[in-house]
Amino acid sequence: MRTPLAALILSLLATPSLADEVPPPAAQIPMMTISAEQPWDVESALKTYWKDHYLAGGEHGFGLDKVRAGRFDLNGDGKAELVLMVDDPAWEAEHGRPFLVANWTRKGWNAIGWSWGDDETLFATTEIIGGWRTIDTGTQLLRWDGRVYQRVDKPAN
């Protein structure tokens, strides 16, 4: 005869963990090339978070022509968060190209997540944790931990 504790343990073992589940996409985060007329806030974020590389020379230096930007309301507050990606082959890594996710504060853009991806594979998902949508980068999931996004590698298919 099964006890309630044994039944609970068996049900937990049979249920895949949150890390093993890939939530379905809700919408693609549109990543666009940046023009010289780009709003000042994008350049401000680039100067803050990539200050050693933005408008610098050398192998890893880049300008606006090597950046893609997207805006998407990830927490349902009616204000879009900013996603900035360095779209330069010199920055390519195993999981794609680097990008940051930032939310607007009184002091400007505040980075709340970093990951790697491709501008074609960034999706806001149907999964909402603590009021924030999970982001699918194609190879990783960014899940809200109550303060910032944490990266989790997606399970192999």
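Buried means under 20% relative accessible area, exposed means over 50%, and partly exposed lies in between (1.4 Å probe, protein chains only). The model used here is predicted: local features need pLDDT of at least 70, side-chain atom pairs count only at pLDDT 80 or more, and totals for chains, interfaces and linings use all residues. Residues are numbered from 1 along each chain as its sequence is written, and side-chain values use heavy atoms, with hydrogens and water left out.

**Exercise 1. Describe the secondary structure of the chain and state how much of the chain is buried.**

Step 1. Helices (H or I, at least four residues) and strands (E, at least two) are DSSP runs, numbered from the N terminus. The chain has 2 helices and 10 strands.

Step 2. Along the sequence these elements follow the pattern α-β-β-α-β-β-β-β-β-β-β-β.

Step 3. Of the 157 residues in the chain, 38% are buried.

**Exercise 2. Give the strand order of the open sheet and find its edge strands.**

Step 1. Two strands pair if DSSP finds at least two bridges between them. The open sheet holds 5 strands in the order β2-β3-β4-β5-β6, with antiparallel pairing.

Step 2. β2 (32–33) and β6 (108–117) are the edge strands, since each pairs on one side only.

Step 3. Between β2 and β3 (residues 67–72) there are 2 bridges, in the antiparallel sense. Here M32 stands opposite A69.

Step 4. Contact means heavy atoms within 4.5 Å. Axes are lines fitted to C-alpha atoms, for helices over the stretch in contact, and angles run from 0 to 180 degrees between N-to-C directions. Helix α2 (residues 40–49) lies across β3, β4 (81–86), β5 (97–105) and β6, at about 70 degrees to β6.

**Exercise 3. Place strand β8 between its two partners.**

Step 1. Strand β8 covers residues 132–136, and 4 of its 5 residues are buried.

Step 2. With β7 (residues 123–129), β8 pairs in the antiparallel sense over 4 bridges. One bridge links I129 to W132. The hairpin of β7 and β8 has 2 residues between the strands, and G130 takes a positive phi near 60 degrees.

Step 3. With β9 (residues 140–144), β8 has 2 bridges and again runs antiparallel. I135 stands opposite L142. This hairpin has 3 residues between its strands, and G138 in the turn has a positive phi of about 105 degrees.

**Exercise 4. Decide whether T137 is buried or exposed, and list the polar contacts given for its side chain.**

Step 1. T137 lies in the loop between β8 and β9. T137 counts as buried because its relative accessibility is 2%.

Step 2. A polar contact is a pair of N or O atoms within 3.5 Å; within protein, one must be able to donate a hydrogen and the other to accept it, and residues adjacent in sequence count only if both atoms are side-chain atoms. The side chain of T137 reaches the backbone oxygen of W116 at 3.3 Å and the backbone nitrogen of T139 at 3.4 Å.

Step 3. Beyond its neighbours within four places in sequence, T137 is in contact with residues including F99, S115 and L142.

**Exercise 5. Classify the aromatic pair of W104 and W109.**

Step 1. Rings of Phe, Tyr and Trp (its six-membered ring) pair if their centres lie within 6.5 Å; planes under 30 degrees apart count as stacked, over 60 as edge-to-face and the rest as tilted. This rule gives 9 aromatic pairs.

Step 2. W104 and W109 are 5.1 Å apart centre to centre, with 75 degrees between the planes, and the pair is edge-to-face.

Step 3. W104 is partly exposed, at 43% relative accessible area, whereas W109 is buried at 11%.
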